[in-house]
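Subject: Structure handover

Hello,

Please find the structure below, followed by notes on what was found in it. Keep it open while you read.

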Number of protein chains: 2
Amino acid sequence: MSNLLDILKTKKVVDLTHTLNESFPGLVLPPEMGQVATFKKEQICRYDEKGPGWYWNNFTVGEHFGTHFDAPSHWVTGKDQLNNTVDQIPVENMIAGACVIDASAEVAKNPDFVLTPEFIQEWEKQHGDLEKGSWVLFRTDWSKKTLDAAFTNTDENGLNHTPGPNKEAVEYMISKDVLGFGVETVNTDAGMSFTWEFQLPCHTLMHGAGKYGLQCLKNLDQLPPKGAVIVAAPLKIEDGSGSPLRVLAIV
Amino acid sequence: MSNLLDILKTKKVVDLTHTLNESFPGLVLPPEMGQVATFKKEQICRYDEKGPGWYWNNFTVGEHFGTHFDAPSHWVTGKDQLNNTVDQIPVENMIAGACVIDASAEVAKNPDFVLTPEFIQEWEKQHGDLEKGSWVLFRTDWSKKTLDAAFTNTDENGLNHTPGPNKEAVEYMISKDVLGFGVETVNTDAGMSFTWEFQLPCHTLMHGAGKYGLQCLKNLDQLPPKGAVIVAAPLKIEDGSGSPLRVLAIV
Ligand SMILES: [Mn+2]
Ligand SMILES: [Mn+2]
């Protein structure tokens, strides 16, 4: 058992998390829809008359802001799944392996790059099968963009040009019984998937299958294709659909 | 490396976290002081006209509410420590061992129980020395109280009758270079330490030495005296003094 700690201490911990602050970009939906709160921090005191010895803040944020976790209840297709909220998902799932699929070269050329089963299978030829119970992490280097309009990459029609999987790729990942799908963008689906015949396939099918999502990850370029252990433990928000969280990789 | 995941999968994960909801009790300071926000959740939509396919919430909370982490900058004595905020503390420290000191029998008899160096040394005789870089977790079974007035246990003078370490115990833990001190109550210090000659020794000395705190832990009774691995990764709040978080133990 101290054996486990000894092994862990020989590993490197990589922080896959963006800093939570007031300038981090949030997803903006059409105005008739409800909107996610961007991060706001209010200082209670800082070694002053409101508390001479201490410093602390209150803050407001959306469950789906910054580096964050999507639980199955986030989507209507997942509403009848067991243990579908962040307070109910099994804690065992908060520590899992990762298969990191690198499409950074393709996304550099085409922000609307679509991940297909063929692309995943090409990765599997090199690195072995996707692993049951592991995260699929989609490396696009999107996290290296400036955290402003370039990050959401919205066009004049309000559509986001960001990469994501097609329906068949999502079905393929589900057939492999992965834990979920994690991305560097603010959406596990391609921005343009709003216009597809089968809209938002990753949200719709993954959560419908009881799988999870991670968004706004960074430092995926520091992970091996296989072998990293991901710690992704959301806040225990009662009946929560998701949560900002600290995501760590042990490599 | 997949070796690490294989080992982890043979272990049990224990959730040391209370559920975040609107009835969880927060610390109340004298009225002239700034106050920590209790948890408030506001639904954005739930499969309705504000978002037909999805469910999500915004929420407001204090950095020091619910099961949470204290960074050195929380206290004035830690204000000049390096990496003293939750966005700057080394991620390696978010995975660490634990020494669990059981005073549940003593606290059942006396809610003002004071942890002393002698009590710790008695524990060390049975279980070996406190370990450098490990959490000291103070098991009191306080988390089994109802989450209401019994939890903060405030008397008619506004003083909280809850257990904690004396100055000498804190100095002893620091001399062993532990990572920090974690408790089941809402305060790493004894409630009555407000009245001591050296007030709030755990906050004052631990944070002054660059050490951390964890509060409102539960399920410490499921941990061995030594050998558990604690994952305590706070939100990456810019310049944050602390954070609600999910705390897991791997046993
Ligand atoms: Mn989300
Ligand atoms: Mn605190």
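Which residues of chain A are linked with A:Asp102 in a network of salt bridges? They are A:Arg139, A:Asp141, A:Lys144 and A:Asp221. A salt bridge here is a side-chain nitrogen of Lys or Arg within 4 Å of a carboxyl oxygen of Asp or Glu.

Before the rest, some notes on the source. This is a predicted model, in which local features need pLDDT of at least 70 and side-chain atom pairs count only at pLDDT 80 or more, while totals for chains, interfaces and linings use all residues. Residues are numbered from 1 along each chain as its sequence is written, chains are lettered from A and ligands numbered from 1 in the order in which they are written, and side-chain values use heavy atoms, with hydrogens and water left out.

Salt bridges

Side chains of opposite charge can pair when their charged atoms come close. Over all chains, the count is 30 salt bridges. One of them is between B:Asp239 and A:Arg46, at 2.8 Å from N to O. B:Asp239 sits in the loop between β11 (226–232) and β12 (242–244) of chain B, and A:Arg46 in strand β2 (residues 40–48) of chain A, so this pair joins two chains. (Strands are DSSP runs of E, at least two residues, and helices runs of H or I, at least four, numbered from the N terminus.) B:Asp239 is partly exposed at 28% relative accessibility, and A:Arg46 is partly exposed at 31%. For these words, buried means under 20% relative accessible area, exposed over 50%, and partly exposed in between, with a 1.4 Å probe and protein chains only.

Within chain B, B:Arg139 and B:Asp102 form a salt bridge of 3.2 Å, N to O. This pair links distant parts of the chain, with B:Arg139 in strand β7 (residues 135–139) and B:Asp102 in strand β5 (residues 95–102), 37 residues apart. B:Arg139 is buried, at 16%, whereas B:Asp102 is partly exposed, at 36%.

B:Lys144 and B:Asp221 also form a salt bridge, and their closest N and O atoms are 2.8 Å apart. B:Lys144 is in the loop between β7 and α4 (149–152) and B:Asp221 in the loop between β10 (212–215) and β11, so the pair ties together parts 77 residues apart in sequence. B:Lys144 is exposed, at 52%, and B:Asp221 is partly exposed, at 32%.

Metal site

The manganese ion (ligand 2) is coordinated at 2.1 to 2.5 Å by B:His64 (ND1), B:His68 (NE2), B:Asp70 (OD) and B:Gln215 (OE1). Donors are N, O and S atoms within 2.8 Å of the metal (3.2 Å for Na, K and Ca); water is not among the atoms, so sites may look incomplete. The spacing of the donor residues in sequence is H-x3-H-x1-D-x144-Q. B:His64 and B:Asp70 are both buried.

Cysteines

How many disulfides does the structure hold? The number is zero over all chains, a disulfide being a pair of cysteine sulfur atoms within 2.5 Å. The sulfur of A:Cys202 has its closest cysteine sulfur in A:Cys216, 14 Å away, which is too far for a bond. A:Cys202 is buried, at 2% relative accessible area.

The two chains

A turn of 180° and a shift of 0.0 Å along the axis lay chain A on chain B with an RMSD of 0.0 Å. That is the relation of a two-fold axis. The copies are superposed by least squares on the C-alpha atoms of residues with pLDDT of at least 70 in both. A:Thr60 comes closest to the rotation axis of the residues of chain A, at 2.1 Å (C-alpha).

Regards
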